[in-house]
Amino acid sequence: MSIIAKATPITATPLPVGPSLARPAPPRIHIRDLTVRYTPDTPVVLDGIDLDLHAGETVALLGSSGSGKSTLMKSLTGFAPITSGTVHVGEVDVARVRPRQLRALRAEVGQVFQQFNLIGRLSVLTNVLAGSLHRAGPLNALGTFRGADRRRALELLDRVGIAHKASDAARTLSGGQQQRVAIARALMQDPTVILADEPVASLDPRMSRVVLDLLRSISRDEGIPVLVSLHVLPLAMDHSDRVVGLRDGRVVVEGRTADLDAEGLATVYENDDEEVED
Ligand SMILES: Nc1ncnc2c1ncn2[C@@H]1O[C@H](COP(=O)(O)OP(=O)(O)OP(=O)(O)O)[C@@H](O)[C@H]1O
């Protein structure tokens, strides 16, 4: 006997779809009450940080030197100890990651650094392909990259506007071009998040804006949250959706960039002896 033949046709009214039923997507990065102290004998570096990062947003991280920006980023990749609190990267509970799972965690996180961190003697294409090394099994039996990965790397180089440099040695590129290679390399990881730690500190003002524009458009188009630490307030104002300001390891300013003014943001640097770049 066929159960299907006897089944009553489904004629239920479709469930209404709309805002009433739409559940907001969970944040890609979820940090609660994070405290970091590198060793028991050294001071607390991050103190009670709460931060969520959502798909498609670019968040500028501000703070004077030593305020904890790099440490916050390192807490997402297991390079800084989580003394208390929780840090989630996607589904991964970073505080509970075992040493042998660190590689998988780091594959989730695309990183862009001030000094680009490319291998200068290797081609631009190979540097981008290096992003896929985080994932298991990127090489075929001959130890070369798979064709699909090469095609993807070329697409990404096109996306960042330097496909024509694919065969050149990375060291022959300008700083702005190298940073775009680094962004393509990060994208090659299909990352849950991109962390950009002072990505424009070595670039001239025009190229700084090109690189920050690129990061923001990637965030929007690909739905990847970008956390970018910056020292220059006007750049943060012009190239972010949200701002988080750290001071002595605590969040002292947080809000949508459009709702903040430069004066309010400057409180991040109040009583700071160091000069703020402009
Ligand atoms: N591995 C470490 N061991 C002990 N203390 C550390 C370590 N790394 C950083 N610190 C301390 O943590 C504090 C925050 O440093 P961090 O590099 O996170 O600041 P930052 O805001 O990124 O500064 P900058 O803008 O200069 O890069 C500083 O006091 C620093 O000395």
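Helix 2, which spans residues 69-74, supplies three residues to the shell around the ligand, and this is the largest share of that shell. The structure described here is a predicted model, and its chain holds nine helices and ten strands. The points below begin with the ligand, then turn to the chain as a whole and to its largest nonpolar core.

**Around the ligand**
- The residues that surround the ligand include Lys 69, Ser 70 and Thr 71, and others in the same list are Gly 63, Ser 65, Gly 66, Ser 67 and Gly 68.
- Tyr 38, Thr 42 and Val 45 also belong to the residues surrounding the ligand.
- Sorted by class, this shell consists of eight polar residues, two nonpolar residues and one charged residue.

**The chain as a whole**
- The chain has 278 residues, of which 39% are buried.
- Among contacts in the chain with a separation of 6 or more, 68% are made by residues that lie 24 or more positions apart.

**The largest nonpolar core**
- In soluble globular proteins, nonpolar side chains tend to be buried together.
- The largest nonpolar core has 70 residues, and within this core Val 128 and Ile 183 touch the most other members.
- Helix 6, covering residues 175-187, gives six residues to this core, which is the largest share.
- Because domain 1 (27-108 + 191-270) and domain 2 (119-190) both contribute residues to this core, the core lies between the two domains.
- When residues up to four places away in sequence are not counted, Ile 183 touches Val 112, Val 160, Leu 214, Leu 215 and Ile 218.

Key. Residues numbered from 1 in each chain as written. Predicted model: local features only at pLDDT ≥ 70, side-chain atom pairs only at ≥ 80, totals over all residues. Helix = DSSP H or I, 4+ residues; strand = E, 2+ residues; numbered from the N terminus. Buried ≥ 20, exposed ≤ 12 C-beta atoms within 10 Å, placed from the backbone. Contact = placed C-beta atoms within 7 Å. Near = placed C-beta within 6 Å. Nonpolar A, V, L, I, M, F, W, Y, C, P; charged D, E, K, R; others polar. Core = buried A, V, L, I, M, F, W, Y, C linked by C-beta atoms within 7 Å. Domains from an automatic or database assignment.
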